[in-house]
Amino acid sequence: MIHHFKTVDSTNTVAMRMAAQGACHGTVIHADRQTGGRGRAERQFVSPKGGLYFSLILRPELELQYLPLVTLAAGVGLCNGIKNAVDVKVQLKWPNDLYLDGRKLGGILTESGPFHSGSGPEFVIVGAGINVSTDLQQFPSSLRTRVISLYHGRECVFGVDPLLKSVVDAMLLSVQRLVVDREKLLADWRALDYLQGKDLEYDSGEGITTAIGIGLAPDGRYVIRDRAGVEHSILAGDINPISLMS
Ligand code: BTN
C-alpha cells in the first residue's frame, strides 16, 4: 500500500511511526517534498519538489549480522528499478549514495528497530531520495555542482509516479534476494560500484587516508588500499574520489 503526502518532515520518520503501530511489510510512505529530510550521519537531505522521496517498511526474516547489507540490497533495487523505468544506468557509491555522471543523484537512509536479544529488528525502514526532475537551482549553491537530476542532459522530463512502483518492486525483490541469493546480489552490487579503481580519500573522522578503491567485502564493508599498499576494510565514514574533494 502506498500512502501519499504533499509535504512531510521526513518520510522515514512517518514510516518509523507507522511501523511501530503495526504497518505491514511493503507499506510505502511517499511525499512530494520533505521539510526535514534526513541523510546518513545526521546530515540534512535537501528535498525540493521534483524529487522522489519515499520510505519502504520491511519486516525481513533476516539474521542480525546481515542487517548492514539491507542498504546495499536497496541500492541494487533502486538501480534496477530506475533502469527498468527510464533506461538510465545509475551507479552506487558505498555505502548509500546513487551516482549518475559522477554526481550524486540520490541517497538511501536505513533505520530499524526495536531489537530483541538474539534476533533481528522487528522492522527495517529503507528511505530513498532521488532527484528526478529537480531544478538544481533549488539546491544550496554549495551542493549544486555535486548533484544531478535524472532528467539532466536528456530530452524528456521524467515524472516521479512511474518510477515509484518500479523502484519499490525492485527493492522488495533485492531484499528478498538478501535472504535467498546473497552472493549473487553482492556480485550485482559490485557491478554497479562507482568507487572501484578510483583514487580516493577516506575520512574516518579522525584523519584522511589517500587510497584506491578495491571493492565490496562479503560482510558489506568497503576495501581500499592505501599508498603504502595496506588494505583497509571500511565500516563507516566517507569515501570520496579525489576529484570530488575541494
Ligand atoms: C543520504 O544522502 O545520506 C541519504 C539520504 C536519504 C534521503 C531519503 S528521502 C526519503 C527518506 N526520508 C528521509 O528523511 N530520508 C530518506
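**Exercise 1. Place Asn-96 in the fold and work out what surrounds it.**

Start with the position: Asn-96 sits in the loop between E4 and E5. Strands (E, at least two residues) and helices (H or I, at least four) are DSSP runs numbered from the N terminus. Before going on, a word on the source: this is a predicted model, where local features need pLDDT of at least 70 and side-chain atom pairs count only at pLDDT 80 or more, while totals for chains, interfaces and linings use all residues. Residues are numbered from 1 along each chain as its sequence is written, and side-chain values use heavy atoms, with hydrogens and water left out.

Step 1: is Asn-96 buried or exposed? Its relative accessibility is 7%, so Asn-96 counts as buried. The cut-offs are under 20% relative accessible area for buried, over 50% for exposed and partly exposed in between, using a 1.4 Å probe and protein chains only.

Step 2: list the neighbours. Leaving out residues up to four places away in sequence, Asn-96 touches Arg-40, Thr-71, Gly-106, Gly-107 and Ile-108. Contact here means heavy atoms within 4.5 Å. Take Gly-107: it is eleven residues from Asn-96 in sequence, and the two C-alpha atoms are 5.6 Å apart.

Step 3: pick out the polar contacts, meaning pairs of N or O atoms within 3.5 Å; within protein, one must be able to donate a hydrogen and the other to accept it, and residues adjacent in sequence count only if both atoms are side-chain atoms. The side chains of Asn-96 and Arg-40 make one at 3.2 Å. A polar atom of the Asn-96 side chain also lies 2.8 Å from the backbone oxygen of Ile-108.

**Exercise 2. Describe how the ligand is held.**

Step 1: which residues are closest to the ligand? They are Ser-10, Gln-34, Arg-38, Arg-40 and Lys-104, out of 20 residues that surround the ligand. To be near the ligand, a residue needs a heavy atom within 4 Å of it.

Step 2: look at the ligand's oxygen atoms. One is 2.7 Å from a polar backbone atom of Arg-38. For Arg-40, a polar backbone atom is likewise 2.7 Å from a ligand oxygen. Asn-96 turns up again here, with an N or O atom of its side chain 3.2 Å from an oxygen of the ligand.

Step 3: check the cover. On its own the ligand has 410 Å² of accessible area, and the protein covers 97% of that. These areas come from the Shrake-Rupley method with a 1.4 Å probe; for residues, only the protein chains shown count as cover.

**Exercise 3. Trace the seven-stranded sheet around E4 and E5.**

Step 1: get the order. This open sheet runs E1-E2-E3-E7-E6-E5-E4, with mixed pairing. Two strands pair if DSSP finds at least two bridges between them. E1 (2–8) and E4 (91–93) are the edge strands, each with a single partner, so one side of each has no neighbour in the sheet. Neighbouring strands are turned by 25° against each other on average, direction ignored.

Step 2: follow the hairpins. E4 and E5 form one with three residues between them. They run antiparallel, joined by three bridges, with E5 spanning residues 97–100. Lys-93 stands opposite Asp-97, and Gln-91 opposite Tyr-99. Next, four bridges join E5 to E6, again antiparallel. There Leu-100 stands opposite Arg-103 in E6. Two residues separate the strands of this hairpin, and Asp-101 takes a positive phi near 50°.

Step 3: sort the faces of E5. In a regular strand, side chains alternate between the two faces of the sheet. For E5, Asp-97 and Tyr-99 are on one side, Leu-98 and Leu-100 on the other, and all are buried.

**Exercise 4. Follow the other sheet.**

Step 1: five strands form an open sheet in the order E11-E10-E9-E8-E12, with antiparallel pairing. E11 (231–234) and E12 (238–241) are the edge strands, each pairing on one side only. The twist averages 45° from one strand to the next; strand axes are lines fitted to C-alpha atoms, for helices over the stretch in contact, and angles run from 0 to 180 degrees between N-to-C directions.

Step 2: zoom in on E8 (residues 199–203), which pairs with E12 over four bridges in the antiparallel sense. Asp-203 has Asp-238 in E12 as its bridge partner.
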